[in-house]
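Me: I have a model open at the bench and would like to understand the labels people put on its parts. Could you walk me through the reasoning behind them?

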Amino acid sequence: MNTNTDWVYRVFEPHGSEGWRPYGSDPERWHGVITAADTDEGAKHAIGRIVADLMTEWERTGLHHAMHVRVFLWHDEAGRMEDADFVVEVRPRSDFDTA
């Protein structure tokens, strides 16, 4: 039986010794819910969509704006960072523009 679930995500950026803070000048843009299969493949699909959105944003604003972020993904509802079901770290190369 193939069931769907809500995968709740939030994107964070490093904030020095304070740890992590919501990403971007409009943090509301970088959290939400993606409905996908209730499997690891569904989670991978959700994370892929989020990373693709990040890449599109960075290409639109200029790849020099690409930055280190963490994508946190929870099954059904957001919780503490430590309780995330999946965490994906995205670290763009510093020489993105010349690649």
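Reply: Gladly! Thr5 is a good place to begin, and it is found in strand E1. Please keep in mind that this is a predicted model.

Me: Why is Thr5 called buried?

Reply: Buried means under 20% relative accessible area. Thr5 has a relative accessible area of 7%, so Thr5 is buried. Its surroundings include Ile34, Thr35, Ala36, His75 and Asp76, which Thr5 touches.

Me: What makes the approach of the Thr5 and His75 side chains a polar contact?

Reply: The cut-off is a pair of N or O atoms within 3.5 Å, where one must be able to donate a hydrogen and the other to accept it. The side chains of Thr5 and His75 are joined at 3.2 Å, so this pair counts as a polar contact.

Me: And why is Asp76, which Thr5 also touches, called partly exposed?

Reply: The partly exposed class lies between under 20% and over 50%. Asp76 has 43% relative accessibility, so it counts as partly exposed. Asp76 is found in the loop between E4 and E5.

Me: What is the phi of Asp76?

Reply: Asp76 has a positive phi of about 75° although it is not a glycine. Most residues other than glycine have a negative phi. Another positive phi, about 110°, is taken by Gly62 just after H1.

Me: Back to E1, please. Which class does Glu13 belong to, buried or exposed?

Reply: Glu13 is found in strand E1. With a relative accessible area of 6%, against a limit of under 20%, Glu13 is buried. A polar contact of 2.8 Å joins its side chain to that of Arg21. Leaving aside neighbours within four places in sequence, Glu13 is also in contact with residues including Trp20, Pro22, Tyr23, Met67 and His68. The C-alpha atoms of Glu13 and Arg70 are separated by 6.4 Å, while the two residues are 57 residues apart along the chain.

Me: How do you know that E1 and E4 pair?

Reply: Two strands pair if DSSP finds at least two bridges between them. E1 (residues 4-14) and E4 have six bridges, so they pair, and the sense is antiparallel. Val11 stands opposite Val71 in E4.

Me: How many bridges join E4 to E5?

Reply: Five bridges join E4 to E5 (residues 86-90), and these strands run antiparallel. Val87 in E5 is the bridge partner of Phe72.

Me: What makes E4 mostly covered?

Reply: Five of the seven residues in E4 (residues 69-75) are buried.

Me: Now the helix. How do you know that the length of H1 agrees with what it should span?

Reply: H1 (residues 40-61) has 22 residues, and at 1.5 Å a residue they should span 32 Å. The end C-alpha atoms are 32 Å apart, so the two values agree. At the start of H1, a side-chain oxygen of Thr39 reaches to within 3.2 Å of the backbone nitrogen of Glu41.

Me: Which residues of H1 are buried?

Reply: Gly42, Ala43, Ala46, Ile47, Ile50, Leu54, Glu57 and Trp58 are buried in H1. They cover an arc of only 160° around the axis, which puts them on the same side of H1. Glu41, Lys44, Thr56, Glu59 and Arg60 are exposed on the other side. The buried residues of H1 pack against E1, E3 (31-37), E4 and E5.

Me: Why is Gly48 called partly exposed?

Reply: Gly48 is found in H1. Its 38% relative accessibility falls between the limits of 20% and 50%, so Gly48 counts as partly exposed.

Me: Which residues touch the most other members of the largest nonpolar core?

Reply: Of its 18 residues, they are Val11, Tyr23, Ile50, Leu54, Trp58, Val69 and Leu73. E1, E3, H1 and E4 each give two or more residues to this core. The largest share, six residues, comes from H1. A second, separate core of five residues includes Val8, Phe72, Trp74 and Ala84. In soluble globular proteins, nonpolar side chains tend to be buried together.

Me: What does Trp58 touch?

Reply: Among its contacts beyond four places in sequence are Tyr23, Leu63, His65, Met67, Val69, Val90 and Pro92.

Methods
Residues numbered from 1 in each chain as written. Predicted model: local features only at pLDDT ≥ 70, side-chain atom pairs only at ≥ 80, totals over all residues. Heavy atoms only, no water. Buried < 20%, exposed > 50% of the residue type's maximum accessible area, 1.4 Å probe, protein only. Helix = DSSP H or I, 4+ residues; strand = E, 2+ residues; numbered from the N terminus. Expected span 1.5 Å × (residues − 1). Arc of directions from axis to C-beta. Contact = heavy atoms within 4.5 Å. Core = buried A, V, L, I, M, F, W, Y, C linked by side-chain atoms within 4.5 Å.
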